[in-house]
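Open your viewer and set the display to cartoon, with side chains hidden for now. We will go stop by stop, selecting one piece at a time.

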Amino acid sequence: MKILVVEDEVQLADTLAEILKRNKYNVDTVFDGDDGLEYARTGIYDCILLDIMLPVRSGTEIVQILRQEKNATPIMLLTAKSEVEDKIHGLDCGADDYLTKPFSTGELLARIRALTRRKGEVEVDCLHFAELQLNRQTYDLIQGENRMKLSLKEYQIMEMLLSNPEQIIPKERFIEKIWGYESDVEYNNIEVYISFLRKKLTAIHSTVQIRTARGIGYFLEKKA
């Protein structure tokens with residue numbers, strides 16, 4: 001799961017990023033409103049943490065623009081302001097939640113979990129496709145009685161594939177989602193991890209395989 005942090009206090013932004021990474025989120029951080037809007041428009045994020053008081057462009061302005069553009073990414077506004085009117089204004093602009101600084105780590109993570117369960121999509125401990133399972137807590141890839149532990153990058157790639165079974169996911173999408181919007185990772189990095197995953201699928205005698213859409217990306221398919 002990928003989160004965008006837009007916060008002009010660099011120390012706070014770095015702290016938030018570290019907390020989120022420790023809790024298995026992928027994180028991008030930017031420090032002003034223009035960059036925040038540019039990153040948010042990519043549509044690659046599952047949630048946006050957005051400070052209201054930003055250089056160049058305010059957080060509420062960013063929310064208004066994104067909603068006008070039909071961008072439905074869940075947004076939580078962060079601010080030192082505690083007045084009821086500020087909360088109402090932020091929510092009326094289209095934000096989904098509002099958290100006043102300072103806040104506890106536990107509350108922040110709980111609110112993110114709540115936001116990413118929007119539209120009734122409750123996150124479960126395991127993803128399934130055919131008889132293949134991916135345990136989100138242990139990073140185990142499971143087929144019947146057989147299981148194989150995945151590395152972080154292997155897990156992130158398999159999570160994307162299992163969340164979109166039989167749909168082609170472009171290589172660019174993997175890079176943006178896992179390595180970051182401005183990453184200089186080459187396509188062969190993806191190919192290496194796909195090779196690792198194929199070997200692990202074979203090792204657990206999986207009935208699911210990773211297929212290549214030549215020149216585009218990868219998708220999961222049940223074996224004939």
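Two strands count as paired here if DSSP finds at least two bridges between them. Keep in mind along the way that this is a predicted model.

**Stop 1: a pair of hairpins**

Select residues 132-135 and 140-143, which are strands β7 and β8; three bridges join them, and they run antiparallel. Click on Q133 and look across: its bridge partner in β8 is I142. Four residues lie between the two strands of this hairpin, and in the turn Y139 has a positive phi of about 65°.

Now add residues 146-149, strand β9, which pairs with β8 in the antiparallel sense over four bridges. Which residue of β9 is the bridge partner of I142? It is R147, while on the β7 side I142 is matched with Q133. The hairpin of β8 and β9 has two residues between its strands, and G144 takes a positive phi near 60° there.

Turn on the side chains of β8. In a regular strand the side chains alternate between the two faces of the sheet. Both faces of β8 are covered: D140 and I142 are buried on one side, and L141 and Q143 are buried on the other.

**Stop 2: the antiparallel sheet**

Next, select β10, β12 and β11, which form an open, antiparallel sheet in that order. β10 (169-170) and β11 (208-213) stand at the edges with a single partner strand each, so one side of each has no neighbour in the sheet. Zoom in on β11 and β12 (residues 217-222), where six bridges hold the antiparallel pairing. Pick Q209 and you will find E221 as its bridge partner in β12. Then show residues 187-203: this is helix α8, lying across β11 and β12 and running at about 155° to β11.

**Stop 3: the parallel sheet**

Move to the five strands β2-β1-β3-β4-β5, listed in their order in an open sheet with parallel pairing. Here the edges are β2 (26-30) and β5 (97-100); each has a single partner strand, so one side of each is left without a neighbour in the sheet. On average, neighbouring strands of this sheet are turned by 20° against each other, direction ignored.

Inside the sheet, select β1 (residues 2-6) and β3 (residues 47-51), which run parallel and are joined by four bridges. L4 has I48 as its bridge partner in β3. Helix α1 (residues 10-22) lies across β1, β2, β3 and β4 (75-79), at about 170° to β2.

**Stop 4: where the domains meet**

Colour residues 2-116 as domain 1 and 126-222 as domain 2. Their centres, taken over C-alpha atoms, are 29 Å apart. Eleven residues of domain 1 are in contact with eleven residues of domain 2. Between them the domains bury about 950 Å², with 43% of it on carbon and sulfur atoms. Show K24, N26 and I44 as sticks: they supply 50% of the area that domain 1 buries against domain 2, more than any other three residues.

**Last stop: the cysteines**

How many disulfides does the structure hold? Zero. Select C93 and C47 to see one reason: the sulfur of C93 has its closest cysteine sulfur in C47, 17 Å away and too far for a bond. C93 is buried, with a relative accessible area of 10%. Finish at C126, which is buried with a relative accessible area of 18%.

Notes: Residues numbered from 1 in each chain as written. Predicted model: local features only at pLDDT ≥ 70, side-chain atom pairs only at ≥ 80, totals over all residues. Heavy atoms only, no water. Contact = heavy atoms within 4.5 Å. Axes fitted to C-alpha atoms, helices over the stretch in contact; angles between N-to-C directions. Disulfide = S-S within 2.5 Å. Buried < 20%, exposed > 50% of the residue type's maximum accessible area, 1.4 Å probe, protein only. Domains from an automatic or database assignment. Buried area = accessible area lost by both parts, 1.4 Å probe.
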